[in-house]
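Trainee: Could you take a close look at one part of this model with me? I'd like to go around the second largest pocket.

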Amino acid sequence: MHDIRLIREAPDAFDAALARRGLAPVSSDILAIDEGRRARIAAAETALAERNAASREVGAAKAKGDEAEFQRLRALVADKKDEIGRLEAEAGAADTALRDLLMGIPNLAYDDVPDGADEAGNVEVRRWGTPRAFEGKPLEHYEIPAAKAGFDFEAAGRLSGARFVVLRGGLVRVHRALAQLMLDTHVEKHGLTEMWTPVLVRDEAMLGTGQLPKFAEDSYQTTNGWWLIPTSEVTLTNLVAGQIVEDARLPLRMTAHTQCFRSEAGSAGKDTAGMLRQHQFEKVEMVSITRPEESRDEQERMVGCAEAILQALGLPYRVIVLCTGDMGFGSRRTYDLEVWLPGQGTYREISSVSDCGDFQARRMNARFRREEGARPEFVHTLNGSGLAVGRTLIAILENGQQADGSVTLPEALRPYLGGRSQLTPTGDLA
C-alpha cells in the first residue's frame, strides 16, 4: 500500500520508481480518482454546512409566519440532504476505487537495488563453501538409493495428485530433525521468539501481507472462505495488524515452523520431478517488526541467521540480491540464498529474505509510538525463510550422497538423530 500524499507531492518520481519494476505510469489515474474523491468530500461538507444553516433558519421563518420562506427552507434542507447522500456515496465509491488501485501496485524498490527485467539482472553478493567433487555424475535427490526408499510419489499421487509426496522411515526423521535444528538455532542463538500459528486465515490477513487481491490464484481457499497460508509470514506479520506496538517491544523477532500451501499456478511443467516444488511443504519462517530506521540492518541480520543454518549443515551456497524485475510484490529489497544442488549442477533458492518497508504495515495499519503522546508511525516489516525444510532435505541428500547409495548426514543433525550419521542404501538410519 502506498502513501497517497507522496504520490500527490511527486507523481513523476512515483512513476519512475514503477518503471524500474517494468510497470507503466499510473500516477495520473491515481490522482484523477483522488481529486474526484476529495472534490466530492469538499462538496458534501459545503452542502452539509448549507443544510445546517437552512435548518436553523426554518424555525425563525415559522416564528415570523413567513410561510413561503418556511416552505423554501424546508425544501432546501431536503434537497441538501439528498445532495449530501449522493456526494458521500460517490466519495465512498471513489475511495474504494482508489484503494483497489493502490492495493494492486507493488512496492517500490530501494534506490540501491540493481535494475533488471528478470532473474538475469540479479547480482551475486558472496559465496560460501566449495561444491564437492564427485567421481561420477551426482544423482538428483529422488534418484539416490538411500532417498528412494523414503520417497513415495506414487502413493501421494493416489491420495492427492501431482506435486505431493509421502515420506517414510529414516527420511522422515531427517526431515523432522532439520526443522528442529532450525528452530533451536533461531531461538537459542539468534534470539527469535518461537510462535505457533493457524494455517487457516481470513481475507484480511492475506490482504495485509499482499497475497490478495492480486495473487489469489497462487493460494488455496476453503469453501467457507478461509485461506491456507502460503507461508507463516502471513500469520506472524499480521500479529501486529491494527495494533500500536510499544516502542520498547521493538524490534519484534519471531519464528514459526508450519505447513505451507501453494497452488504453484504459474509453474506448470516446472520442477515436476522430485519434491523441489510442492503444493504442501514445511518451512521455518522468520519475521521481524522494526522501527523504520532499523529495517536495513535487520535485513542483513536475518540473512545472517539463514546463512548460519546452511553453514552449520556444511551446505555450499551463494547470496544474491534480486533486481527490480525479479523482486516479490511486497518487497523493497530481497536477498535470495541459493544452495548448491550437485544433482542439478546449479544453485537453487532455499531462502528469500525481504525488507518490505512500511508497505505491509500500511495495508494492515500496524504502527508504533516512540513515546507517550507521540504520533503513531508505521512499523517496517521483514520476512525470510530460515529455511525451507524440504529443500534443505534435498540439499542434504544430494551433497551427502555416496557411491554405494548411502547418504552421509551433517554432524549438526546427529544430536537430533540419536547419534546416527547416515542413511543406508535401504533408507535406514545408521
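Trainee: Which element gives the largest share of the lining of the second largest pocket?

Mentor: That's helix 4, with four residues. Before we go on: this is a predicted model, where local features need pLDDT of at least 70 and side-chain atom pairs count only at pLDDT 80 or more, while totals for chains, interfaces and linings use all residues. Numbering runs from 1 along each chain as its sequence is written, and side-chain values use heavy atoms, without hydrogens or water.

Now the pocket itself (an open set of points on a 1 Å grid where a 1.4 Å probe fits, with protein on both sides within 12 Å along at least five of seven lines). Its space comes to about 440 Å³. There are 19 residues in the lining (an atom within 4 Å of a point), and H2, D3, R5, R362 and F378 sit nearest the centre. Helix 4 (67-103) shares the job with helix 1 (4-9) and strand 15 (377-378): these are the elements that each put two or more residues into the lining. Helices here are DSSP H or I runs of at least four residues, strands E runs of at least two. By type, the lining splits into 10 charged residues (Asp, Glu, Lys, Arg), seven nonpolar (Ala, Val, Leu, Ile, Met, Phe, Trp, Tyr, Cys, Pro) and two polar (the others, Gly among them).

For another setting, try helix 12 (389-400). All 12 of its 12 residues are buried (under 20% relative accessible area, 1.4 Å probe, protein chains only), so helix 12 is largely enclosed by the rest of the structure. Among them are charged residues R391 and E398.

Methods: Expected span 1.5 Å × (residues − 1). Buried < 20%, exposed > 50% of the residue type's maximum accessible area, 1.4 Å probe, protein only. Points joined across faces, edges and corners; volume = space filled by probe spheres on them.
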